[in-house]
Amino acid sequence: MADYIDARETARRLGVSRQTLYAYVSRGLIKAVPGDDPRQSRYLAAAVDQLAESRRRGRKPKEIARATLDWGMPVLESGLTLIEAGQCYYRGQSAVDLARTTSLEDVAALLWQIPRARAFPSRAPDHLKAYAGLVRQAGHSQPSDTLLPLFAVAARDEATSAWRTGPALLARGCGDLVRILAATALRQAPKSAPIHQQLADHWGVTGGGADLIRQALVLCADHELNASSFTARCVTSTGASLKAAVLAALAALSGVKHGATTMRIERLWDSMDGRSVKRELRNRLDAGDDIPGFGHQLYPDGDIRAKALLAGILPECETAARFAGAARQLTGAEPSIDFALVALRRHLDLPEGAAFLIFAVGRSVGWIAHGLEQRNKNQLIRPRALYTGPRPDHRFQT
């Protein structure tokens with residue numbers, strides 16, 4: 001459970017007066033929430049400590065640069081996703097609640113602020129001959145390895161280019177990007193059926209399994225300024241198309257510290273004897289290795305997305321429950337969405353790499369949302385670097 005403190009303790013930790021604390025609240029530096037007594041406000045302790053640490057660093061450029069880029073203070077404004085008090089919200093609506101009833105297309109319409117029917121009409125995107133030829137050449141390569149090149153060939157720049165001002169064509173172009181990415185993940189022609197149903201049909205999953213895939217896509221749709229979404233914003237800020245932004249974000253997602261964490265979890269899972277999971281994980285920790293897929297800095301009490309998805313998996317998947325339980329006992333960390341996706345993949349007996357594909361297809365909605373939002377800001381993202389190399393010798397300069 002999240003730890004809250006009162007105004008007096010908050011002011012003490014920050015080293016400021018109560019009046020200054022209220023000024024921080026009004027400026028949006030820290031959020032106050034109602035206490036049991038409506039006249040008394042409470043503050044999330046973790047947020048207070050983060051702000052206190054930021055103030056302690058003061059104006060030292062090196063410390064500011066490090067803190068900003070490493071899970072630090074916000075660097076830009078966004079109206080898309082809020083992660084607060086252990087919860088995740090898409091435009092003010094609980095991501096977990098949305099995952100119970102809505103589709104990825106519904107969430108796309110919410111995040112993009114575009115009517116669903118306009119973004120996802122009944123007619124599917126055109127199937128390109130060049131893409132079909134490349135699919136044949138892909139052979140038995142892992143779909144997660146071919147996703148980026150196939151998407152690069154299948155998707156088009158024009159519909160989501162910066163000069164495209166017609167709202168109807170732009171909306172359709174955004175929806176087409178998601179449908180085409182789903183098609184390239186499955187190596188099939190683009191279709192107009194709901195994305196979760198396309199994945200379920202292709203993988204031979206029905207009933208409750210298809211619904212779990214739907215939930216996973218919604219829970220993956222966006223997550224504030226993660227590395228791939230920030231990459232998408234940077235690319236869009238240059239005036240590039242949204243297709244280019246998705247391509248760049250896919251490249252970022254492929255890293256083992258981001259979406260490819262699912263691959264690390266798969267390898268670890270494969271290496272373990274199901275009867276001695278705790279001992280093997282302890283040996284791994286003793287050797288100085290981590291346990292991928294556990295713990296998340298934005299969720300001190302556990303990744304709420306993983307909790308929601310695993311609620312429908314762990315009761316029926318003994319191996320996943322044993323894995324999660326052993327990791328929790330050894331480290332105190334809860335599963336992340338990455339672990340939940342791998343557990344889903346194994347629970348439904350999906351092909352290897354499916355966890356990464358679900359992550360990528362779901363998150364593409366968020367990448368496009370960030371691109372649209374950044375485009376509306378009409379601002380180039382161009383931070384400065386803090387130079388740490390050798391200084392030039394000015395003695396001989398005139």
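**Backbone outliers, helix faces and overall dimensions**

At a relative accessibility of 30%, A85 falls in the partly exposed class, because its value lies between the limits of 20% for buried and 50% for exposed residues. The model considered here is a predicted one. A85 belongs to the loop that joins strand β4 (81–84) to strand β5 (87–90). Its phi angle is near 55 degrees, a positive value in a residue other than glycine. A positive phi, likewise near 55 degrees, is found for D349, again a residue other than glycine. D349 is located in the loop between helices α19 (337–347) and α20. With a relative accessibility of 65%, D349 is classed as exposed, because this value is over the 50% limit.

The secondary structure of the chain consists of 20 helices and 6 strands. The chain has 398 residues, for which a compact globule would be expected to show a radius of gyration near 21 Å; the value for the chain is 23 Å, in agreement with that expectation. Along the principal axes, the C-alpha atoms occupy a box of roughly 65 × 65 × 60 Å. Buried residues make up 47% of the 398 residues. Among contacts with a separation of 6 or more, 70% are between residues 24 or more positions apart. The exposed area of the chain is about 20,100 Å², of which 51% is supplied by carbon and sulfur atoms. The chain carries 52 positive and 40 negative charges, and the mean positions of these two sets are 6 Å apart.

Two helices were examined for the distribution of their buried residues. In helix α1 (residues 7–14), the buried positions are A7, T10, A11 and L14. These residues lie on the same side of α1, because they cover an arc of only 95 degrees around the helix axis. R8 and R12 are exposed and are carried by the face of α1 turned away from the buried side.

Helix α9 spans residues 143–154, and its residues S144, T146, L147, L150, F151 and A154 are buried. The arc that they cover around the axis is only 140 degrees, so they are placed on the same side of α9. The cover over the buried residues of α9 includes helices α8 (129–138), α10 (167–186) and α14 (242–253), together with α15 (261–271) and α20 (354–377).

R42 is part of strand β3, which comprises residues 41–44. It is partly exposed, with a relative accessibility of 34%. When neighbours within four places in sequence are left aside, the contacts of R42 are with Y4, I5, K31, A32, V33, P34 and G35. R42 is also separated from A7 by 35 residues in sequence, while the C-alpha to C-alpha distance between R42 and A7 is 6.3 Å. A7 is itself one of the buried residues of α1.

A321 is located in helix α18, which covers residues 318–331. Its relative accessibility of 32% places A321 in the partly exposed class. Between A321 and L310 there is a sequence separation of 11 residues and a C-alpha to C-alpha distance of 9.0 Å.

Note on methods
Residues numbered from 1 in each chain as written. Predicted model: local features only at pLDDT ≥ 70, side-chain atom pairs only at ≥ 80, totals over all residues. Heavy atoms only, no water. Buried < 20%, exposed > 50% of the residue type's maximum accessible area, 1.4 Å probe, protein only. Helix = DSSP H or I, 4+ residues; strand = E, 2+ residues; numbered from the N terminus. Arc of directions from axis to C-beta. Contact = heavy atoms within 4.5 Å. Rg over C-alpha atoms; globule rule 2.2 N^0.38 Å. Areas by Shrake-Rupley, 256 points an atom, 1.4 Å probe, with all protein chains shown as cover. Lys, Arg positive; Asp, Glu negative; His and termini not counted. Charge placed at Lys NZ, Arg CZ, Asp CG, Glu CD.
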